[in-house]
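Here are some exercises to work through with the model in view. Try each task yourself before you read its solution.

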Amino acid sequence: MTRVPLGCDKNRRLRRQDSSQYRNEVWRRHPSSHTSDFCHNAAHAAFCQGLLLPTSHLFRYTSGMIVTIDGPAGSGKSTIARELAAALGIAWLDTGATYRAMTFKALRDGVDMNNHLALTKMAREVDIRLVTDDAGRLSVMLDGEDVTREIRTKEVTDNAHFIARAQGVRDVLVDLQRRIGAEMGDFVTEGRDQGSVVFPDADVKFFLDARPSIRARRRYEQMTAAGETVDYESILSDVLKRDHLDRNRPNAPLVKPAGAVVIDTSDKTIAQVTSELLEYVEDRR
Ligand code: DC
């Protein structure tokens, strides 16, 4: 089954049916542990994966519109994804937060960042939930603990690439992201591999980019506004290092997904980029 363009009511109905078939299947298999929601527990999700559907096909069972935004650090994708989702009145998925939560857990538990087996075992056991309130604020829950602030530290940022390159962890997180997406229905998702790997037949795909100097400047301004004392040159070198790691890792490297609309945000405001994206999405509706 191939995903179909937006705007076709018959096909939308078909997708909704697929979705309810999938949900029913989940209830049937796990009547006691799933009462009103999809399973967000990474280990259980992996278990479900074995029992139910190959998750490479799970995105086909979502009922609504999928918009992906990929791009390097500082390209503005988190802010734009949030704004675009709000403008469309749909959900928003920050997949970087899932990698950050895993990184935080590994650092806190002292898991060897080069031991992929140990990282994968940890990933399968941990429970990550993304909770968005009515104002669109995201909370990240790790085994029931709110780690929203902790996952944004420099230590987590600097170590996330270890987690991002471990294929076993990526498998668990990709699975989790597809399950969250299936639950959300219509959503905007952002990350490094959303249009290329996780939701390759999304309805609309974007790739945001910006010059490294601009991305570093944005980060610098964000950090100084938050009261941190930082040095622009070292932020620029961090940005370049993260670009290199993101683009050159063996697993799901940062690439422009096939069919993605590329937008350079260097000289544009958030409002300008959001309305540009909105126009593309509205055209496809
Ligand atoms: O977007 P971010 O800075 O919050 O991402 C944190 C880390 O996770 C970063 O090292 C890139 C990685 N990541 C990834 O590999 N795939 C994604 N879909 C999202 C983030």
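**Exercise 1. Find how the side chains of Asp 133 and Arg 137 meet, and say how exposed each residue is.**

Step 1. Asp 133 and Arg 137 form a salt bridge, with 3.1 Å from N to O. The term stands for a side-chain nitrogen of Lys or Arg within 4 Å of a carboxyl oxygen of Asp or Glu.

Step 2. Now look at accessibility, where buried means under 20% relative accessible area, exposed over 50%, and partly exposed in between (1.4 Å probe, protein chains only). Asp 133 has 31% and is partly exposed, while Arg 137 has 56% and is exposed.

A word on the ground rules: this is a predicted model, in which local features need pLDDT of at least 70 and side-chain atom pairs count only at pLDDT 80 or more, while totals for chains, interfaces and linings use all residues. Residues are numbered from 1 along each chain as its sequence is written, and side-chain values use heavy atoms, with hydrogens and water left out.

**Exercise 2. Decide whether the partners Arg 249 and Asp 246 are buried or exposed.**

Step 1. Their side chains form a salt bridge at 3.4 Å, N to O.

Step 2. Arg 249 has a relative accessible area of 8%, so this residue is buried. Asp 246 is buried as well, at 10%.

**Exercise 3. Describe the salt bridge of Glu 276 and Lys 268, then find which residues a network joins.**

Step 1. Glu 276 and Lys 268 meet at 3.2 Å, N to O. Both are partly exposed: Glu 276 at 25% and Lys 268 at 33%.

Step 2. Elsewhere to look: Lys 105, Asp 109 and Asp 143 are joined into one network by salt bridges that share partners.

Step 3. The full count of salt bridges is 16.

**Exercise 4. Work out the order of the strands in the open sheet of five.**

Step 1. The order is S2-S6-S1-S7-S8, with parallel pairing. Strands here are DSSP runs (E, at least two residues), helices are runs of H or I with at least four, and both are numbered from the N terminus. Two strands pair if DSSP finds at least two bridges between them.

Step 2. S2 and S8 (261-264) are the edge strands, each pairing on one side only.

Step 3. Follow the bridges. S1 (residues 66-70) and S6 (residues 187-191) are joined by five bridges, and Thr 68 has Thr 189 as its bridge partner in S6.

Step 4. S1 also pairs with S7 over four bridges, where Asp 70 stands opposite Phe 207. From S7, four bridges lead on to S8, with Val 262 as the partner of Phe 207.

Step 5. Check the cover of S7 (residues 204-209): five of its six residues are buried.

**Exercise 5. Find which elements line the second largest pocket.**

Step 1. S2 (91-94), S3 (128-132) and helix H7 (167-184) each supply at least two residues of the lining. The largest share, four residues, comes from S2.

Step 2. The lining has 12 residues, and those nearest the pocket centre are Ala 91, Leu 130, Val 131, Thr 132 and Met 184. On a 1 Å grid over the protein atoms alone, a pocket is an open set of points where a 1.4 Å probe fits, with protein on both sides within 12 Å along at least five of seven lines; lining residues have an atom within 4 Å of a point.
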